[in-house]
Amino acid sequence: MKKIQSSCNYCAIDCNLDFYVEDNQIVKVVPTKGYPVNNGFSCIKGISLDKQHSLFKPNPLPRLKQADGTFRHVSWEEGYQEVATRLLDIKEKYGNDSVAGLSTGQMTLEEFGIFGHMMRNHLKANMDGNTRLCMATSVVAHKQSFGFDAPGYTLQDLELSDTIIFIGANPVVAHPILWKRVRNNKDKKVIVIDPRRSETAKNADYWYGIRHRSDLALLYGIANELIQKDYLDHVFIKEHTNHFEEFKDFVKDYPIEKIAPICGLEVEKIQELVELIHSGKRVSFWWTMGINQGYEAVRSAQAIINLALMTGNIGRPGTGANSITGQSNAMGSRLFSNTTGLFGGGDFDNPVRRQQVAKALEVEESLLIDKPTIPYNQIIENINAGKIKALWVVCTNPRHSWINNDTFKEAMEKLELLIVQDIYGDTDTSKECHIYLPAVPGVKKEGTVINLERRLSAVRPAIEKEENERTDYEIFYGVAKALGLKDIEEKWKTPKDAFTFMRACTKGMPCDITGIEYEDLAHSKGIQWPFPKGAGKGEDQRRLYEDGNFFTADKKANFVFEAVRENPVKLTEEYPYVLNTGRGSVGQWHTQTRTREIKVVADSCSKEAYVNIHPNLAKEKGIEHHDRIKVSSSNGQSAIFIAQLSEFVGEHELFAPLHYIECNLLTPSIYDAYSKEPSYKMVAVNIELVK
Ligand SMILES: Nc1nc2c(c(=O)[nH]1)N[C@H]1C(S)=C(S)[C@@H](COP(=O)(O)OP(=O)(O)OC[C@H]3O[C@@H](n4cnc5c(=O)[nH]c(N)nc54)[C@H](O)[C@@H]3O)O[C@H]1N2
Ligand SMILES: Nc1nc2c(c(=O)[nH]1)N[C@H]1C(S)=C(S)[C@@H](COP(=O)(O)OP(=O)(O)OC[C@H]3O[C@@H](n4cnc5c(=O)[nH]c(N)nc54)[C@H](O)[C@@H]3O)O[C@H]1N2
Ligand code: SF4
Ligand SMILES: [Mo]
């Protein structure tokens with residue numbers, strides 16, 4: 001029996017797993033012992049990776065939709081040619097801006113490299129990813145505050161922290177192995193700030209059930225109180241930060257007496273929180289989608305960073321303002337997708353970086369695209385306005401996951417060419433597309449992913465592909481060849497080639513990985529970036545900012561702040577309740593295409609969309625547990641849900657898991673001003689019993 005160590009390609013923890021294989025069948029999956037991230041533990045999704053494709057084994061050949069609406073399968077060569085010809089035709093007829101792509105945080109670094117090079121540099125197309133729906137806020141916040149998109153922590157900080165504050169994060173459900181690391185810490189207080197009494201809040205020492213979208217006011221109020229009480233690290237502020245004096249003046253407008261009613265908390269509760277922050281010796285702040293998916297999300301993330309800076313809780317063991325990533329390679333997509341920045345980081349109009357990246361890719365500088373992509377929302381708007389005619393969607397399911405998802409349905413109808421590359425041909429996005437390109441799942445491919453603490457780890461094929469099966473990398477390569485892109489054809493033959501190019505692009509950057517050999521990652525403990533040439537063996541755990549130096553020109557972190565804005569979501573008589581959305585269970589992954597194959601998950605989760613509703617509200621509305629209710633949204637849409645009574649949501653709030661397509665029918669098209677990340681977490685709704 002062979003044993004192959006590989007990374008789980010669901011969530012951003014990137015647990016490593018040992019696949020035991022006999023006769024090209026996975027016999028068992030065991031979480032890797034000694035791997036610094038998960039050390040012998042995993043969640044149900046990881047140990048069920050062998051279930052991928054047991055139920056829905058697709059035809060491995062490309063599928064074309066014909067003029068009469070029927071489908072036919074063609075050879076791969078014909079499929080590649082069809083994609084290439086049709087993309088080039090549309091480009092020629094309508095111009096570069098008529099072609100766009102949508103990728104994901106779930107591809108490998110090498111796949112980002114080849115796809116980004118082909119789509120952006122060669123085809124000059126716009127291309128964004130589902131990381132916009134997820135991590136765009138953190139990216140912008142980090143760049144403005146730290147000078148680079150560089151989350152500084154290592155997971156061990158959870159074991160070393162004495163005060164762990166989760167804001168808009170529910171790791172018990174969304175990042176179980178991160179929560180395991182919290183539980184390893186026997187000497188800590190856990191604090192949760194979340195309007196919902198989430199699974200994490202239930203397991204915390206302190207829960208602050210704030211009003212939806214009042215985080216920014218709360219965080220400024222806390223900052224002001226810390227200043228008033230002089231609970232500050234003056235030395236750190238003076239030596240390592242900019243704009244503190246302006247910040248100090250600014251937050252005077254947010255005394256806790258004023259913000260307490262805005263946040264729905266008592267003044268004493270906020271004071272308690274301030275004292276907890278002050279009394280902690282190693283305080284760490286952790287945020288996820290409850291912060292990132294808001295209308296003033298970037299400023300909220302920065303308000304968390306400000307607290308860490310002013311109290312000197314950054315760069316030391318057990319501290320940090322720490323953004324938790326969602327998907328297995330969201331960090332890779334942030335650095336290597338060529339969408340919002342050059343490969344390895346840096347702006348598209350930075351002449352020095354352009355030269356470096358062109359040299360690393362062995363191409364003329366003029367080949368590199370010269371501007372960032374238009375964001376996801378604008379791609380969809382431009383499709384619906386008839387400007388974008390062709391869309392290539394890879395490893396994401398936007399018909400389900402996009403905000404106000406009827407607008408994506410409209411886009412699908414408008415497009416002349418929708419190409420979908422997915423491991424399943426029956427997803428809401430792939431089932432009706434013009435060209436479907438079936439890719440094999442992660443257990444059959446190789447490459448690299450980067451986890452939430454900047455750790456690169458290897459994805460290795462546990463089993464071999466069968467006849468006619470193709471990996472995502474091979475599909476990109478095949479299309480590039482059909483497009484006649486000689487440099488890709490000659491120099492990007494394998495994932496290792498792509499890794500080598502991407503690595504070269506990082507030279508001298510904060511994310512320098514020039515010290516990593518592709519082969520080093522296999523059967524390893526993973527390697528955190530930065531890891532420049534000559535870095536030696538490296539420790540198992542490394543954090544950034546230990547010397548107090550950040551990536552800005554003057555090496556100081558910036559206090560960034562802005563007045564709290566009016567919430568664009570208004571509760572009215574017509575729509576008096578808040579609908580909150582997010583992850584429903586450990587077993588369910590996003591749009592459920594993959595986790596429907598895990599029998600215990602499929603059997604134990606609701607088949608139909610449901611909402612959690614407080615028993616008091618249910619009573620008031622004559623609704624009983626498991627009744628069907630109609631939820632109407634201020635975006636003009638409504639859908640039927642099963643009512644699941646729960647005391648863990650507020651009396652005037654509902655919670656809908658995003659795992660059901662109905663959820664995003666109701667979410668309104670609202671985005672953060674700076675990151676354009678959708679504001680998924682607050683919808684104004686009304687409800688009625690369906691008789
Ligand atoms: N099982 C499972 N795990 C997953 C995923 C999955 O689909 N299934 N997806 C992965 C991905 S891509 C991501 S991005 C992560 C997401 O991980 P999380 O962000 O932890 O999960 P969510 O449930 O989206 O949201 C977290 C919390 O934000 C709270 N929240 C809502 N509004 C507000 C607000 O105004 N203020 C505050 N402070 N909190 C608010 C919600 O009540 C919720 O408890 O999970 C990853 N892990
Ligand atoms: N209301 C609401 N909506 C949300 C959110 C929320 O909190 N609330 N969260 C948002 C967030 S944070 C995220 S990240 C998105 C996620 O949204 P999506 O990315 O749309 O969700 P997934 O189900 O992960 O889609 C991944 C697709 O890739 C396919 N796939 C899996 N592995 C492979 C592979 O190796 N190759 C290829 N080619 N395909 C593969 C799967 O079958 C699936 O169809 O949802 C967003 N939508
Ligand atoms: S915690 Fe995340 S990475 Fe680990 S097994 Fe579960 S889904 Fe996979
Ligand atoms: Mo995400």
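This passage looks at helix α12 and then at the packing of α9 with α15, all in a predicted model.

Helix α12 runs over residues 256-263, and its buried residues are Ile256, Ile259, Ala260 and Cys263. Since they span an arc of only 120° around the axis, these four sit on the same side of α12. That spacing is what one would expect: an α-helix has 3.6 residues a turn, so residues three or four places apart point the same way. Turn to the other side of α12 and the picture flips, with Glu257 and Pro261 exposed. As for what the buried residues pack against, their partners are α9 (215-228) and α13 (267-279). Just past the end of α12 comes Gly264, whose phi is positive, at about 70°.

Besides its contact with the buried residues of α12, α9 also packs with helix α15, residues 297-310. The axes of α9 and α15 lie 9 Å apart and make an angle of about 20°, so the two helices count as roughly parallel to each other, the cut-off being 35 degrees. The crossing of α9 past α15 is left-handed.

On the α9 side, the residues involved are Leu216, Leu219, Tyr220, Ile222, Ala223, Leu226 and Ile227. Facing them from α15 are Arg299, Ser300, Ala303, Ile304, Leu307 and Met310. Sorted by class, this contact between α9 and α15 comes out at eleven nonpolar residues, one polar and one charged. The charged one is Arg299 and the polar one is Ser300.

Definitions and conventions: Residues are numbered from 1 along each chain as its sequence is written. Chains are lettered from A and ligands numbered from 1 in the order in which they are written. This is a predicted model: local features need pLDDT of at least 70, side-chain atom pairs count only at pLDDT 80 or more; totals for chains, interfaces and linings use all residues. Side-chain values use heavy atoms; hydrogens and water are left out. Buried means under 20% relative accessible area, exposed over 50%, partly exposed in between (1.4 Å probe, protein chains only). The arc is that of the directions from the helix axis to the C-beta atoms. Contact means heavy atoms within 4.5 Å. Axes are lines fitted to C-alpha atoms, for helices over the stretch in contact, and angles run from 0 to 180 degrees between N-to-C directions. Angles under 35 degrees count as roughly parallel, over 145 as roughly antiparallel, 65 to 115 as roughly perpendicular and the rest as oblique. A crossing is left-handed if the near helix is turned anticlockwise from the far one by less than a right angle, and right-handed if clockwise.
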